[in-house]
Each structure stands twice: as structure tokens, then as C-alpha cells.
Amino acid sequence: MSGHKAKKMFGQNFLVDQNIIADIVACIHPEAADNMVEIGPGLGALTRPLLKRLERLHVVEIDRDIIARLEADYPQANNNVKLMINAGDALEFDFATLPAPLRIVGNLPYNISTPLLFHFASYAKRITDMHFMLQNEVVERMVAEHSTPAYGRLSVMLQYRFAMEKLLDVPPASFRPAPKVDSAIVRMIPLPPEHILVRNEKVYSAVVSTAFGQRRKTLRNTLRSYLDEAAFDELGINPQLRAENLSVADFIRVANYLGDKQS
Ligand code: SAM
């Protein structure tokens, strides 16, 4: 791998399948003037084809060895630099410092994919769309419908503010080293503000976490401290159900009901 030894601690599985790379770039559909940032460019498998189509590209990379390589290939002193290298942890990176509206892409390090998704979500208002390679199992959870096994906290916490679609399956053989799991490409598009119906995100997040904290228990049990029988009645929700049976719209109704009562 051109002299670089993949580091497990940084979730380094580098894309090598040129057909898959072309398919991913086609899914992203870069336009020359886009404000785009790639998370974890690594050895440039996606970076190079993206740069061919874009006027400029930001990258956020944590690995000093990779940063040194990128700096050698794309000297940052040049005023007209096409690739802007942001050295550091994407989890700490302030995406408000990049031009908006922003498109975020990346073959993400799987070991921190969930916290990364929540970090990006906090910038949703500045973002046009996001395309990520993730563990297939995570993508399945993101897009799952209620009353299916993959449906859980991740589905409910993302679906209220993003339209999400699984676009492509990517087998382990597309990477070096090959990961032990299947992968997939997902597209996330922030919903327009008028479609975000949650009135108090803190209340929503607390209710969702509590309900899924003990997902085998009934809502009567898990939401005991939030809802009494009369409240379940008023909301038209059967307290014998479990968290996985409530749709995102149901969770929104519960959270808004509680939020309104508090205020
Ligand atoms: N984009 C390359 C590709 O597709 O071949 C590399 C993808 S590899 C799965 C993940 C990349 O993210 C690596 O370059 C890794 O060093 C970088 N990375 C890992 N943790 C990171 C973090 N917290 N912040 C920024 N980059 C990170």
C-alpha cells in the first residue's frame, strides 16, 4: 500500500476497487463549485477523483503520516491550493469554519462512526447533503422502519431530521486491508426546518434514550416516569408496546406532549 502501514486505531481500511470508487463518486455527483469536505482522505482513493471534478476540496485527517503525505502532494503554501488540509480529529472539528452550504463525504472510520454522525448532525442547518461509507449494519439501523429488528435509538435520533437512503453495498474485498464486516454507502439529506417537528430536542433525546434503554420492556415500564395511564390514553399509544413499535412520528408526539406540559 505505497509504503503506508494501515493503522487499526484510526479505522484504516483503504478503498482499492476502482469500479466501486467510480460508483461512489457517481452517487456523490460532485459539481465543480460545491463546497465539499472529505472526512479521512487516507491515501486519496476518493480524494483524487473528487478533485478532478471540484474546484477545491477540504479534507479532515487525523493521522500525521497521512497528513505529511498529503502536504507533500498538495503544498499548502500555494495561494491557489485545490486541496485544503485540516489536520486533526473530525470529532472535534468545527464545521462552521467551512463555507456553507456544505457537502460532507467520507469512507468513515467505523470505530467512531456513531459519534461522528451525531457531530455532523449538529451542523445540519449548514449542510446540503452527506454521503458516507459505513458498516452495512449501521446503515441498516439508520434507515430501519419501526417494528423491524434494526430499528433503534440511531434510527429515531437521525430520521427526525434527515432523509436517508442506502445507495450501494460494498463488499470487504473492495478494501485493503479487508474489513471483517460488509459496508454500504448511505446518503443523508437534512430535512427542511418546516419538516422538523420536534419542538424540544433535549426532551426528545431523553425519551428516546429511556425507551430504548431497556428495549425488551413495555413502554408502561420504561416511560413510567414520563407518562401515566391517562397520558398514554390521551396520546393514543398502547402502553403494552415496546420502544421498537413506536414510529418516529409517535416519539415526536410523546416528546412534544411532555415538552408542552413542562412549559
Ligand atoms: N478515504 C480513504 C479511503 O477510502 O481509502 C480512507 C478511509 S479509512 C476507512 C478512514 C480514514 O479516516 C483514515 O484515513 C483515517 O486515518 C481517518 N481517520 C480516522 N479517525 C479520524 C478522526 N477522528 N478524524 C479524522 N480522520 C480520521
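**Two domains and a cluster of rings**

The C-alpha centres of domain 1 and domain 2 sit 33 Å apart. Where the two meet, 11 residues from domain 1 and 15 residues from domain 2 make up the contact. The domain assignment puts domain 1 at residues 8–193 and domain 2 at residues 201–262. All of this comes from a predicted model, and the values below should be read in that light.

Taken as a whole, the protein has 10 helices and nine strands. Its C-alpha atoms fill a box of roughly 65 × 35 × 30 Å along the principal axes. Of the 263 residues, 49% are buried. The exposed surface comes to about 13,000 Å², and carbon and sulfur atoms supply 51% of that area. On the charge side, there are 30 positive and 30 negative charges, and their mean positions are 4 Å apart. As for how the chain meets itself, take the contacts with a separation of 6 or more: residues 24 or more positions apart account for 66% of them.

Now to the aromatic rings. A search of the whole structure turns up seven aromatic pairs. One of them joins Phe93 and Phe95: the ring centres are 4.8 Å apart and the planes stand at 75 degrees, so this pair counts as edge-to-face. Phe93 is buried, with a relative accessible area of 14%. Phe95 is buried too, and its relative accessible area is just 1%. Phe95 also pairs with Phe120, again edge-to-face, with 5.5 Å from centre to centre and 85 degrees between the planes. That second pair ties together distant parts of the chain, as Phe95 belongs to the loop between strand E4 (83–87) and strand E5 (102–107), while Phe120 belongs to helix H4 (residues 113–121), 25 residues away. Like Phe95, Phe120 is buried. Step back a little and the ring pairs join up: Phe93, Phe95, Phe120, Tyr123 and Phe132 are linked into a cluster.

The loop between E4 and E5 has something else to show. Pro101 is found there, and the peptide bond joining Ala100 to Pro101 is cis, with omega at about -5 degrees. So which other proline comes with a cis bond? That would be Pro177, whose peptide bond from Arg176 is cis with omega near -15 degrees. Pro177 lies in the loop between strand E8 (175–176) and strand E9 (183–190).

Helix H5 is home to Asn136. Is Asn136 buried or exposed? Its relative accessible area is 15%, which is under the 20% cut-off, so Asn136 counts as buried. Setting aside neighbours within four places in sequence, the contacts of Asn136 are with Lys166, Asp169, Asp182, Ser183 and Ala184. Ser183 and Ala184 fall in the stretch of strand E9 (183–190).

Further along, the loop between helix H5 (136–143) and helix H6 (153–159) holds two residues worth a look. Pro149 is one of them, and with a relative accessible area of 80% this proline is exposed. Its C-alpha atom is 8.0 Å from that of Glu244, even though the two residues are 95 apart along the chain. By the domain bounds, Pro149 falls within domain 1 (8–193) and Glu244 within domain 2 (201–262). The other residue is Ser147, also placed in the loop between H5 and H6. Ser147 has a phi near 65 degrees, a positive value in a residue other than glycine. Its relative accessibility is 44%, so Ser147 counts as partly exposed.

A positive phi turns up at His29 as well: the angle is about 55 degrees, although the residue is not a glycine. His29 lies in the loop between helix H1 (18–28) and strand E2 (35–39). With 51% relative accessibility, His29 counts as exposed, the cut-off for that class being over 50%.

Technical notes
Residues numbered from 1 in each chain as written. Predicted model: local features only at pLDDT ≥ 70, side-chain atom pairs only at ≥ 80, totals over all residues. Heavy atoms only, no water. Phe/Tyr/Trp six-rings, centres within 6.5 Å; stacked < 30°, edge-to-face > 60°. Buried < 20%, exposed > 50% of the residue type's maximum accessible area, 1.4 Å probe, protein only. Helix = DSSP H or I, 4+ residues; strand = E, 2+ residues; numbered from the N terminus. Contact = heavy atoms within 4.5 Å. Areas by Shrake-Rupley, 256 points an atom, 1.4 Å probe, with all protein chains shown as cover. Lys, Arg positive; Asp, Glu negative; His and termini not counted. Charge placed at Lys NZ, Arg CZ, Asp CG, Glu CD. Domains from an automatic or database assignment.
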